Amino acid sequence: MPSPSRRTVLATGSALGGTLLATGLPAQASAADHGSAPDASYAPSTSCDPWRTVLDDADLVWERMPKTWYEGPYLGNGFLGSGIYAEPGRETEAVRFNIQHSEVQDHRPQFGSLFGLARLPIGHFTLEPVGAITGLDWRLGLRDAELAGTLTTDRGTLTIRALIHTTRSVLAVEVTPSKGERDFRWVFHPAEAISPRAAFKPVPPGYAGNPPAAIEQHDGVSAAVQPLLSGGQHVTAWRERTLGSRRTLYVDVAHSYPKSTALRQALATVRTTALLPYDALALTHRAWWHAFYRKSFLSLPDTRIQRFYWIQLYKTASAARRDAPAMATSGPWLEPTPWPATWWNLNVQLEYWLIHGSNHLELDAVTRSLSEFRDHLKAEMAPAYRSDSLGIPRTTDASLVNGGATDPVLGYGVGIPGQDPPTPEVGNLTWALHNVWLSYRHTMDESILRDVLFPLLRKAVNYYLHFLEPGADGKLHLPATFSPEYGGNSRDCNYDLMLLTWGCRTLLDSAELLGIDDTLAPRWREVLAKRIAYPTDANGFMIGADIPFAKSHRHYSHLLAVYPLYELTGDTPDERALIEKSLAHWVGFEGALQGYTFTGAASMSALLGKGEDALSYLGQLMTRFIQPNTMYKESGPVIETPLSAAQSVHDMICQSWGDVIRVFPAVPAAWADLTVHDFRTQGAFLLSAVRKAGKTRWVRLVSEAGAPCVVRHGIAGAIEVRDGRGRSLRYEAVGDGVVQVALRKGESALITGKGDRPDLRIVPVEPNQEAPRWGLPASAP
């Protein structure tokens, strides 16, 4: 099928923010908001609010007391986070409100990233009723991002409302007690300021926890002041105010290093915020969240998965902000864990994929962090390579520092090809920059390409070029490198060959677009022409030339060229057979498989158009790994897998790699009805589409950047294409069911069957069957 050249994938444009749609018919508002006249065939509807319908349906409920992080409600704003569940060992006496913060960490790099730079636990409040807890009825309302409900004791009731304000970064908990519970109390319990890894692994020689926090009183505001041995401090400040029968607790956390200014900051925030009643705080908080959700819409007939999907959007916006640290393994909800840092050999990448299709680039901390802290990446290289190369270690703190040569666990932050024994990965920065490339492609914001992606990717690829050498076969080979988690070093490791190939191709395309005559371009072309083929055997892709894939392994590091890089897509029968064989062999080894094994398998199946297989893999994920509150664990709390499952849903519904937007490319038969609105695609298009009774009824694309628009629409038979005023648009058929439409920035195209005038309203679809809510309903599902 002819299509625009790969260079057109990188066509320029400017990113526009997501559209806030205020009507019940977002399709009509969308056209006007993007600068084109509204489609005359769209009729406003005020009969229902589709967002409110799906969000209210997705609320988590608790009719039994949650006992762990994996069961309870969670609140957050990318910085401050609180997980809520029964106080361990005191389940009938107290409820725990954890207090954690994504910026709170140690600053002793001599002990490495997992101890000396680890995130530090802060502590928790206990809500202690007068009587013994006998029951509860809680609801985490996604739409308002608030926890509300009643705690019942043998002495009365406590009616609770709680939120973490989206911009003020304050936890507010309003409690209205009945007469018998008027004397309930709040108690703060500071945590020991030591790396959580110390509970799982031996501490390095000389490492000790920080001194205990001191509880102080400052004119009606309490503060737990935690000094750090490295200098600086973090402070938890709180105040309780009474208004009539309501008592509201206000809590703030501040972190400062190397200065000890956190106390002043935390006290000021609590004093200012405590002047506002809960309802006033909730007003601005809710407005932010309502606008957030309206940037896109999805409804599908699988009730359990639809609810799960919207919960992941809530979770992501609770854990991520552009100006917050890139998400650590447990987000802002730190718990005892062997992984108290940010992980770059898979976790970060998976955590942020869903922001692109769901139209939430305002949460992109990866692009911002890599740009802001690029100088820190130089120090993670061995000295011989710092002049012209960059890399990112397996683990870092919030500012992308690992500890370098002083790290007692990992040594140098970035592995050195050919070094023995096995070393940390080489390709993590290149993979992280693929996320940056996705942000560019989904916005067409040339500043991302010019200022972040190209300069950083150039140095990431340059590191490989130091080691790439010709072999006796005339091909370019890599010395031994490490494939994430499989064990052992291998020459021509697929993890690195696949990332190197993508990196060179992207650099050449980017340089052409930016008008850069780069002196390294001939070398990049040589790599693409002469690098050794990806090592394979009778079972498909190997780990590398020296290591077959021969044991159970949760990671798809050896399959990145298939997903997410889309360098191999099954275009030929042989290539498709290789992908199918490799996928089956990978998931065929039970034992070490984990949740993200099944999200990766679902997305690879979606690439092949196998919707039933994709749904089956998601089903295994839900049954085997997802916890009652949609959290996830592997020896400790981690959050990347549920978030990547939302991306797997995206991949079933919309794909836009390789210059083509694919609408409903891998939909299982059970999803006969689907509605999507303002899904963001590569090329900076906003996609809306409806499928009914197993058939695509209409597709609408709004162009934000004027990039080439090629769409596989999936509408059977003859079609017609109309602009925002309902006038016919010229289009070119470039393949079976594929058309190219010329759209300038701000213009839209509506594709329907010829002569068809379908209902263009955005409304939720009817569920196939009922399903239990997430949370802890009265009886287990």
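Analyst: Ala693 lies in the loop between strand S29 (685-692) and S30. A strand here is a DSSP run of E with at least two residues, a helix a run of H or I with at least four, and both are numbered from the N terminus. The model is predicted: local features need pLDDT of at least 70, side-chain atom pairs count only at pLDDT 80 or more, and totals for chains, interfaces and linings use all residues. Residues are numbered from 1 along each chain as its sequence is written, and side-chain values use heavy atoms, without hydrogens and water.

User: Does Ala693 count as buried or exposed, and why?

Analyst: Buried means under 20% relative accessible area, exposed over 50%, and partly exposed in between (1.4 Å probe, protein chains only). Ala693 has 67% relative accessibility, so Ala693 counts as exposed.

User: Why does Ser169 fall on the buried or the exposed side?

Analyst: Ser169 has 14% relative accessibility, so Ser169 counts as buried. Its place is in the loop between strand S8 (156-164) and strand S9 (171-177).

User: What is notable about phi in Ser169?

Analyst: Phi of Ser169 is near 55°, a positive value in a residue other than glycine. Ala693 has a positive phi too, about 50°. Most residues other than glycine have a negative phi.

User: Which strands pair in the open sheet, and how do you know that they pair?

Analyst: Two strands pair if DSSP finds at least two bridges between them. Five bridges join strand S30 (residues 695-703) to strand S35 (residues 748-753), which run antiparallel. Arg700 stands opposite Leu750 in S35. The six strands follow the order S15-S28-S29-S30-S35-S32.
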